[in-house]
Amino acid sequence: MSVPNVIVTLMAGRLADVSSHRLMILAACLALWALHTAATALAQGYGMLILLRILVAIFEGPAGPLSFSVISDVFSLRSGRSTAMGIFQACINVGAAAGSAVGGIVVDWAGWQAAFALVPLPSFVVAVLIVLTAREPHRNKAQCTHVKQREEDDEACELDTERGLERASQYTAVSSAAQSIASGTPTPTSRHALAKAAAVEAETLSQSIRRVFSSRTYQCFFVGFVGHAALVAATDAWMPALFHRSSVLSTAQVGGGLGLAILSGSTAKLAGGLLVEWLGTLDLRWYCWLPAICKALTLVSYLVWFHLMSTHQHDASWALWGLRLLCVPYFLNGFQAAPELTMSVSCCDSHHRGLANAIFAVGGALTNSCTNALVGMLSDSSTAMHGSAGALRQAMELSACIAISVSIVAFLLASLVIRGELAVC
């Protein structure tokens, strides 16, 4: 699933930077994603199941770059962007929590096929609402830009007007600016829009990627996000298997408990967006300090949790308490989402934000796949010595500690360069 997801996500990031129909594309992908998820219930064999999951990954890929590109155009860094990112991420957690709880109940009641058929239904409703109610926003002029990129943009503004018109004619997003110049009354803003469109059109994908990575702040946050993706793969993805191996809880109990933990994370994501937006007005480095502090607390909480799991692994009543205590690390880890994703689209101009977020998503997807495989191999290699549950728990703990440590170092390094590298317009 990761290979097609990576390819489509990069394409979607590029599309989000030049298209003027992002919301319509998002609605179509959402509906097709839901359709193929529901169709999974009809899979007749392993091959059909894999094919449908690949199609799900293909239509899921564009959601992130398109959504974050739109959000960053509606809200600027100083006027609600972090809060919007927190709300967006919190809603993802609410959906995941509801899906985990409802899915567990449906599986116990009617089997896994029924869960695949029922859970995607709300997505069709959302797709219709987007088509009927949402309006495409204009590219946001209030942005946080790399100083070097701003200088390059100023040079681009000096491009010949006729060349700008020729290039911009291929872009619906800047048609109004083209008309302004064609009418004989060009403005600095319209000239800049045309010049920028021409520059983006002329760039290859590799050039655009290098442009995004020219920001050291972006580089650090990318590494921090990769560490976060590894943590999610090492803990969230394997947690159901750990509880099934070490306890006698039903699928509904495990799903409900994990749903509650995920829901606690959504509260933290919303709070993190509000908190970092306020702290960021005092010092821009809080966009780095807050996730670093919360990651450190997450590390401590996970170490305590895994220790308690190891000492009570034969206590059946402990399993329910273990599920409830998972709310602590999930809550602490949620605070990093809003500042991290805000910086993913704030380190570049409005014509590269979709690609910037797509690169984050690609890095996260690849890291997620590799970490899942690593945890599985580490667990299998020590099963004979520690037992099935003990081996998996140790593999998860080791992987989580490494992932969190990488993120902490990356965020602290970002705090050293963010003020000198970013300028708020």
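How closely do the axes of helix 13 (residues 216–234) and helix 20 come, and at what angle do they cross?

1. In this predicted model, the axes of helix 13 (residues 216–234) and helix 20 come within 8 Å and cross at roughly 35°, and the crossing is right-handed. On the side of helix 13 the contact is made by Y218, F221, F222, F225, V226, A229, A230, A233 and A234, while helix 20 contributes A356, I359, F360, A361, G363, G364, T367, N368, T371, N372 and V375. By class, the residues of this contact divide into 14 nonpolar, six polar and no charged.

2. Helix 20 (residues 353–381) also meets helix 21 (residues 383–421), with axes that come within 7 Å and cross at roughly 150°. Because angles over 145 degrees count as roughly antiparallel, helix 20 is described as roughly antiparallel to helix 21. Helix 20 passes helix 21 in a right-handed crossing.

3. As for the residues involved in that second pairing, helix 20 supplies L374, V375, L378, S379, D380 and S381, and helix 21 supplies T383, S388, A391, L392, A395, M396, L398 and S399. The residues of the contact of helix 20 with helix 21 divide into eight nonpolar, five polar and one charged. A reader tracing the chain may note that V375 is listed in the contact of helix 20 with helix 13 and is listed again in the contact of helix 20 with helix 21.

4. Returning to helix 13, a reader may wish to look at H228, which is found in this helix. H228 has a relative accessible area of 13% and is therefore buried, the cut-off being under 20%. Leaving aside its neighbours within four places in sequence, H228 is in contact with K295, N333, Q336, E340 and S407.

5. One of those partners, N333, is also among the buried residues of helix 18, together with C327, P329, Y330, L332 and G334. Helix 18 (residues 327–334) is mostly covered, six of its eight residues being buried. The elements that cover these buried residues include helix 13, helix 14 (239–246), helix 15 (251–282), helix 16 (286–311), helix 17 (318–325) and helix 19 (337–346).

6. On confidence, the mean pLDDT of the protein chain is 78, and 82% of its residues reach 70 or more. Over residues 141–191, however, the pLDDT is below 50, although this stretch has 86 contacts in the model beyond near neighbours in sequence. Where pLDDT is low, the predicted coordinates should not be read in detail.

Notes: Residues numbered from 1 in each chain as written. Predicted model: local features only at pLDDT ≥ 70, side-chain atom pairs only at ≥ 80, totals over all residues. Heavy atoms only, no water. Axes fitted to C-alpha atoms, helices over the stretch in contact; angles between N-to-C directions. Helix = DSSP H or I, 4+ residues; strand = E, 2+ residues; numbered from the N terminus. Parallel < 35°, antiparallel > 145°, perpendicular 65-115°, else oblique. Left-handed = near helix turned anticlockwise from the far one by under 90°. Contact = heavy atoms within 4.5 Å. Nonpolar A, V, L, I, M, F, W, Y, C, P; charged D, E, K, R; others polar. pLDDT = per-residue confidence, 0-100. Buried < 20%, exposed > 50% of the residue type's maximum accessible area, 1.4 Å probe, protein only.
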